[in-house]
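User: I am new to this structure and would like a close look at a single part of it, described with some care. Please begin with the charged pair and then work outward to its surroundings.
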Amino acid sequence: MAAKIKKGDTVIVIAGKDKGTKGEVLKVLPEENRVVVRGVNVVKRHQKPTQMDPGGLKSFESPVHVSNVALADPRDGKAVRVGFKIDQHGRKTRFAKRSGESIDV
């Protein structure tokens with residue numbers, strides 16, 4: 001099955017403490033049905049110093065469930081559902097169901 005959300009997509013958080021936040025997908029974890037989004041679900045962790053890193057408090061994005069994010073419409077930036085269709089070259093492409101605009105370029 002083709003993925004509806006891929007690395008590099010702009011998504012909107014539709015549920016949780018960061019609801020309404022837009023961000024870029026940094027990583028997709030398909031086996032866990034989770035995505036890592038820039039600036040969303042930021043957590044702080046203590047890290048021990050190593051030879052390369054001084055350690056201290058580190059902030060990083062934690063994964064969020066894929067059901068809590070929606071793709072941003074390329075036309076107006078609102079949350080949109082994703083559909084699939086075959087283009088004139090025979091390739092399977094994603095499109096925004098609300099505006100009908102193609103997502104894959």
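Analyst: In this predicted model, the side chains of R91 and D87 meet in a salt bridge, with 3.5 Å from N to O. Beside that pair, salt bridges that share partners join D73, D76 and R98 into one network. The structure holds 7 salt bridges, and two others can be described here in more detail.

One of them links D9 with R94, where the closest N and O atoms are 2.8 Å apart. D9 lies in the segment before β1, a strand of residues 10-13, while R94 belongs to strand β10, so this pair ties together parts that are 85 residues apart in sequence. As for their surroundings, both D9 and R94 are buried, which means that each has under 20% relative accessible area.

Another salt bridge joins K58 to D53, and here the closest N and O atoms are 3.2 Å apart. K58 counts as partly exposed because its relative accessibility is 25%, and D53 is likewise partly exposed, since its relative accessible area is 22%. K58 is also one of the residues touched by K44, together with L57 and S59, when residues up to four places away in sequence are not counted. K44 itself has its place in strand β4, which covers residues 42-47, and it counts as exposed because its relative accessibility is 55%. From K44 to D9 there are 35 residues in sequence, and the two are 25 Å apart in space, C-alpha to C-alpha.

Returning to the end of the chain that holds R94, the segment after β10 (92-96) is the place of G100. This glycine is partly exposed, because its relative accessible area is 35%. Leaving aside neighbours within four places in sequence, G100 is in contact with K85 and F95. Those two contact partners are also related to each other, for K85 lies over the face of F95, at 4.7 Å from the ring centre. A second arrangement of this kind is found where K92 lies over the face of F84, at 5.0 Å from the ring centre. As for pairs between aromatic rings, the count comes to 0. G100 and E61, for their part, are 39 residues apart in sequence and 31 Å apart in space, C-alpha to C-alpha.

Away from these charged groups, the largest nonpolar core has 14 residues, and those with the most contacts inside it are I5, V11, V35, V37, V64, V69 and L71. To this core β1, β3 (34-37) and β7 (69-72) each supply at least two residues. V69 gives a view of how such residues meet: leaving aside its neighbours within four places in sequence, V69 is in contact with I5, V11, I12, V13, I14, V35, V37 and V64.

These parts can now be set within the whole protein, whose secondary structure comes to 0 helices and 10 strands. Along its principal axes, the C-alpha trace spans about 55 × 25 × 20 Å. The radius of gyration is 17 Å, whereas a compact globule of 105 residues would have one near 13 Å. Buried residues make up 29% of the 105 residues, and among contacts between residues at least 6 apart in sequence, 37% join residues at least 24 apart.

Key. Residues are numbered from 1 along each chain as its sequence is written. This is a predicted model: local features need pLDDT of at least 70, side-chain atom pairs count only at pLDDT 80 or more; totals for chains, interfaces and linings use all residues. Side-chain values use heavy atoms; hydrogens and water are left out. Helices (H or I, at least four residues) and strands (E, at least two) are DSSP runs, numbered from the N terminus. Buried means under 20% relative accessible area, exposed over 50%, partly exposed in between (1.4 Å probe, protein chains only). Contact means heavy atoms within 4.5 Å. A salt bridge is a side-chain nitrogen of Lys or Arg within 4 Å of a carboxyl oxygen of Asp or Glu. A nonpolar core is a set of buried Ala, Val, Leu, Ile, Met, Phe, Trp, Tyr and Cys residues joined through side-chain atoms within 4.5 Å. Rings of Phe, Tyr and Trp (its six-membered ring) pair if their centres lie within 6.5 Å; planes under 30 degrees apart count as stacked, over 60 as edge-to-face and the rest as tilted. A charge sits over a ring if NZ of Lys or CZ of Arg is within 6 Å of the ring centre and within 35 degrees of the ring normal. The radius of gyration is taken over C-alpha atoms; the globule rule is 2.2 Å times the number of residues to the power 0.38.
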